[in-house]
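Dear colleague,

I am handing over the structure below. My notes on its salt bridges follow.

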Amino acid sequence: MPKLHLISLGCSKNLVDSEVMLGKLAHYELTSDLSAADAIIVNTCGFIQSAKEESIRVLLEAIGGRKKGALVVASGCLSARYQEELAKELPEIDIFTGVGDYDKIDMLLAKKQSQFSKQVFLASQHARTIIGSSVHAYVKLSEGCNQNCSFCAIPSFKGRLQSKSIESILSEVEELAKRGYVDISFIAQDSSSYLQDRGVKEGLTQLIKAIDKQGAIKSARIFYLYPTSTTLKLIEAIANSPIFANYFDMPIQHISDSMLKTMRRNSTKAKHLELLEAMRAVPNSFLRSTLLLGHPHEQERDIDELQEFLEGFTFDRLNLFAFSAEEGTRAYGMPQIAPKLVNARIDRINALVQKQVQMSMQALVGQTLEVIVEGASEDNLFLRARDKRWGLEIDGEILINESSLEHTPPGHYKALCTTCQEGMLVGKVVA
């Protein structure tokens, strides 16, 4: 069998596309040794500057480390966004393809042919080789985005919102469940706008109820809610679902009205607070969000307001990003804030964030939680588990150092959290 080395960069949405390519290339043997591969695929990310730099670095490593005759493929967002520039600067790459042809990768390799379809690829009934877990899988709700955030380039290469049908998603979930994947994370650029492109209101609420009725999986969560399309009805649907965890991931980016307007978020501080307080009021809720600091026109008073907000409202997880000026966005031509000042603001807010995360982790000590065991740790001394509410590999890990059960294969259990040391939870399986 020919050998394949695949590197998937960026987000979980990219990972789904990589899994589709692996499914189409099932006649290849996967290898972790780049130098032994007959084909090397780098599924790139082109979201912000640091991601672009990482993608270029990995592509150069693939070119330099391949064996004679091996093909190097650049696929994904960076390739789609900068197809002409990449082809000119990296002529050593054999095949270029963007975000529309993941299901044709076998043909592109066979013909040694580049291709950029205008239509974005929307993974559905395609055989996927799931990687990273034997019980968890991601399912895409849609591709593209109808929002017009000043800092985001995604619509320029992903296009407008395109949702999959509820029937298509139910079929995909059923097939994954038959293969043993009973924990699903639903993802999109803007999940709460699901089906709005088809003229359907509360589409995500309808999907939640359909998944509940189907009953094929044990647990689920939704990533990337958007403030303007998230409703109290949606929050209620998640809270009442027997399958969906009370997991609320809504990137707010900022809290001051002036910055939200500059960022073109079409939302307000009052709207944010209404949604966040409704989420926090749900029993056993878990809140994740994202903040973007250093956007043009951000003032010290905006940071003061953000700090005051975080001193009064607690998240379980909060990611901080520095503004990245991206070509083709509205913010690209605005006056930029000095990186030193941006970093100082991030340091200031990060102190509050880390305190909140530690409080969230420490609060679990002494509690018996529903957890998902993923398998053995790298050193084989522990079992790796996570709170059923948590996203895989992003919200944390619980190390299981003992179990009352004779065998503990991957799956759903109850575990008692016994200690939290240096940000790491330790527990034992009890049922």
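**Salt bridges**

K67 has a relative accessibility of 34%, so K67 counts as partly exposed. Please keep in mind that this is a predicted model.

The partner of K67 is D38, and the closest N and O atoms of this salt bridge are 2.9 Å apart. D38 sits in the loop between β2 (29-30) and β3 (39-44), while K67 sits in the loop between α2 (49-65) and β4 (71-76), so the salt bridge ties together parts that are 29 residues apart in sequence. D38 is also partly exposed, at 29% relative accessibility.

A second pair is D304 and R348, a salt bridge whose closest N and O atoms are 2.5 Å apart. This pair links distant parts of the chain, 44 residues apart: D304 belongs to helix α12 (residues 300-312) and R348 to helix α13 (residues 339-362). Both residues are partly exposed, D304 with a relative accessible area of 39% and R348 at 28% relative accessibility.

A third pair joins E374 to R386, with the closest N and O atoms 2.9 Å apart. E374 is in strand β14 (residues 368-376) and R386 in strand β15 (residues 383-387), so this salt bridge ties together parts that are twelve residues apart in sequence. Buried means under 20% relative accessible area. E374, with 8%, is therefore buried, and R386 is buried with 2%.

There is also a network: salt bridges with shared partners join E298, E300, D304, R345 and R348. In total, the count comes to 29 salt bridges.

Regards

How values were computed: Residues numbered from 1 in each chain as written. Predicted model: local features only at pLDDT ≥ 70, side-chain atom pairs only at ≥ 80, totals over all residues. Heavy atoms only, no water. Salt bridge = Lys/Arg side-chain N within 4 Å of Asp/Glu carboxyl O. Helix = DSSP H or I, 4+ residues; strand = E, 2+ residues; numbered from the N terminus. Buried < 20%, exposed > 50% of the residue type's maximum accessible area, 1.4 Å probe, protein only.
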